[in-house]
Amino acid sequence: MNEGNIDWVVAIVALLAGIAIGVLIRHFSGSERTTSQRLKQRLAETELELNGLRENVNTHFADVMTLAQNITRQSEELQTRLGTDAATMTSDPALKRQRQVDTPQESEEDTTALHIPRDYADSSGTLDESYGLRQKQESESKDPQPPRY
């Protein structure tokens, strides 16, 4: 072979090696890009699915609430109708007295009888701070004594 041909062969081999290295770099850097694109796509899909599930849960609870309100309204209507029918159709005085006992009569006495619970006791109760402690007598010594609990 000729010396001129060897230069050309080395140049072609170097070119092919450069192309191969470039393809490998592109392949590895491109795989990260496609991986990130796939992850972004999966994230968008899961967010869309989550939003759909939230919407379904909201509509479910709204439907359940309207059904519960309907049941409550219908039970009140049924109770009212049974009360009026019982009042008009029964001739037994014991049932009428039971009906009067079952329906609470609102009066001022009932509302004033209710007391708000307190977190303290009256002055003579067992939760009083001085309960069980002896009163200081003047005949005792003047030396201060710790309180007995």
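Which helix is Leu15 found in? Helix H1, which covers residues 3-89. Keep that helix in mind for the views below, all taken from a predicted model.

**View 1. The whole chain, element by element.** The protein chain has three helices and zero strands, so reading from the N terminus you simply get α-α-α. Very little is tucked away here: of the 149 residues, 2% count as buried. The chain exposes about 14,800 Å², with carbon and sulfur atoms supplying 58% of that area.

**View 2. How far to trust each part.** Across the protein chain the pLDDT averages 79, and 65% of the residues score at least 70. Helix H1 comes out with the highest mean among the elements, at 90. At the other end of the ranking sits helix H3 (residues 108-113), whose mean of 57 is the lowest.

**View 3. A nonpolar patch around Leu15.** Five side chains are worth picking out here: Ile12, Leu15, Leu16, Ile19 and Val23 make a nonpolar surface patch of about 500 Å². Leu15, one of the residues in this patch, belongs to helix H1. Is Leu15 buried or exposed? It counts as exposed, because its relative accessibility is 55% and the cut-off is over 50%.

**View 4. Glu77 meets Arg73.** A search of the whole structure turns up two salt bridges, and here is one of them: the side chains of Glu77 and Arg73, at 3.2 Å from N to O. Both residues lie in helix H1, four residues apart, or about one turn of the helix. Neither partner is hidden away: Glu77 has a relative accessible area of 45%, so it is partly exposed. Arg73 is partly exposed too, with a relative accessible area of 40%.

**View 5. Arg81 meets Asp85.** Another salt bridge joins the side chains of Arg81 and Asp85, this time at 3.8 Å from N to O. That still makes the cut, because a salt bridge needs the nitrogen within 4 Å of the carboxyl oxygen. What separates Arg81 and Asp85 along helix H1? About one helical turn, because they are four residues apart. How open is each partner to the surroundings? Arg81 has 59% relative accessibility and so counts as exposed, whereas Asp85, at 28%, counts as partly exposed.

Methods: Residues numbered from 1 in each chain as written. Predicted model: local features only at pLDDT ≥ 70, side-chain atom pairs only at ≥ 80, totals over all residues. Heavy atoms only, no water. Patch = residues over 30% accessible without salt bridge, like charges linked within 9 Å, V, L, I, M, F, W, Y side chains within 5 Å. Areas by Shrake-Rupley, 256 points an atom, 1.4 Å probe, with all protein chains shown as cover. Helix = DSSP H or I, 4+ residues; strand = E, 2+ residues; numbered from the N terminus. Buried < 20%, exposed > 50% of the residue type's maximum accessible area, 1.4 Å probe, protein only. pLDDT = per-residue confidence, 0-100.
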